[in-house]
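Reader: Pick one part of this model and take me through it closely, then show me what sits around it. I'm at the bench, so keep it plain and tell me what your terms mean.

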Amino acid sequence: RATKLNMPADGPDSKVPLTGALTAVLLDQDRVFYYHGKLDEAVKSGAYGTTNFDLTNGLGQVIREKQAWLNRQKEKGSKDLVLMIKPLDEAAYKNVVDVLDEVAINAVPTYVLMEIDPTEKEIIQHLRKDHPEKNP
């Protein structure tokens with residue numbers, strides 16, 4: 001089975017509602033750093049963590065929890081979810097496919113594959129060093 005990959009058209013950036021934003025940064029060793037909304041606000045509120053691709057407790061569970069939260073909070077509910085996928089250089093290509101599988105399994109309506117901002121990458125590396133307990 002092939003996964004359909006829609007690439008964005010040329011044009012202005014789309015605005016993402018922050019409450020629906022979930023970012024998955026693909027790391028090495030089949031791990032994923034994730035955060036809700038904007039990174040700086042997620043750091044302040046503790047709305048971030050590191051997970052893997054475990055079928056029951058991995059990234060899919062993070063997505064399902066975000067969908068359930070959106071369904072309780074918003075009129076459009078989980079349809080407002082936007083998953084931003086940002087693979088680091090050390091991430092395995094297989095993990096990009098794994099994330100796209102989670103998108104299909106969990107019926108994520110909107111997702112984008114994008115490059116990570118250098119400042120964001122630096123913040124995440126510091127968080128991983130300073131808070132190893134958030135890493136599996």
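Author: Helices and strands here are DSSP runs, numbered from the N terminus: a helix is H or I with at least four residues, and a strand is E with at least two. With that settled, let's start at the loop between strand 1 and strand 2 (32-36), which is where Gln29 lies. Before going further: this is a predicted model, so local features need pLDDT of at least 70 and side-chain atom pairs count only at pLDDT 80 or more, while totals for chains, interfaces and linings use all residues. Residues are numbered from 1 along each chain as its sequence is written, and side-chain values use heavy atoms, with hydrogens and water left out.

Back to the loop. Gln29 isn't a glycine, yet its phi is positive, about 55 degrees. Asp30 is found in the loop between strand 1 and strand 2 too, and its phi is near 60 degrees, again a positive value in a residue other than glycine. How open are they? For that I use relative accessible area: buried is under 20%, exposed is over 50%, and partly exposed is in between (1.4 Å probe, protein chains only). Gln29 counts as exposed because its relative accessible area is 64%. Asp30 comes out at 37%, so it is partly exposed.

Now step back to the segment before strand 1, where you'll find Gly20. Gly20 has 0% relative accessibility, so it counts as buried. Contact, by the way, means heavy atoms within 4.5 Å. Setting aside neighbours within four places in sequence, Gly20 is in contact with Lys66, Leu70, Asp80, Leu81 and Val82. Gly20 and Leu83 are 63 residues apart in sequence, with 8.3 Å between their C-alpha atoms.

Go the other way from the loop and you reach some aromatic rings. In general, a pair of aromatic rings is described by the distance of the centres and the angle of the planes. The rule used here: rings of Phe, Tyr and Trp (its six-membered ring) pair if their centres lie within 6.5 Å, and planes under 30 degrees apart are stacked, over 60 edge-to-face, and the rest tilted. That gives two aromatic pairs. Phe33 and Tyr35 make a tilted one, 6.3 Å from centre to centre with 50 degrees between the planes. Ring pairs tie Phe33, Tyr35 and Tyr48 together as a cluster. Phe33 is buried because its relative accessibility is 2%, and Tyr35 is buried because its relative accessible area is 4%.

Phe33 also leads us to helix 1 (residues 39-45), which holds Leu39. Not counting neighbours within four places in sequence, Leu39 is in contact with Phe33, Glu120, Ile123 and Ile124. Leu39 and Glu120 are 81 residues apart along the sequence, but 7.5 Å apart in space, C-alpha to C-alpha. At 10% relative accessibility, Leu39 is another one that counts as buried.

Strand 1 (21-26) has a partner further along. The buried residues of helix 3 pack against strand 1, and also against helix 2 (59-73), strand 4 (82-87) and strand 5 (110-113). Those buried residues are Asn95, Val96, Asp98, Val99, Leu100, Glu102 and Val103. Helix 3 (residues 93-105) has 13 residues and reaches 19 Å from its first C-alpha to its last, close to the expected 18 Å. The expected span is 1.5 Å times one less than the number of residues. After helix 3 comes Ala107, with a positive phi near 50 degrees.

Past strand 5, Met114 lies in the loop that runs to helix 4 (118-130). Met114 is partly exposed because its relative accessible area is 32%. Not counting residues up to four places away in sequence, Met114 touches Met84, Ile85, Lys86 and Pro87. The C-alpha atoms of Met114 and Pro87 are 7.7 Å apart, though 27 residues separate them along the chain.

To place the loop in the whole: the protein chain has four helices and five strands, in the order β-β-α-β-α-β-α-β-α. Of its 136 residues, 40% are buried. Among contacts between residues at least 6 apart in sequence, 61% join residues at least 24 apart.
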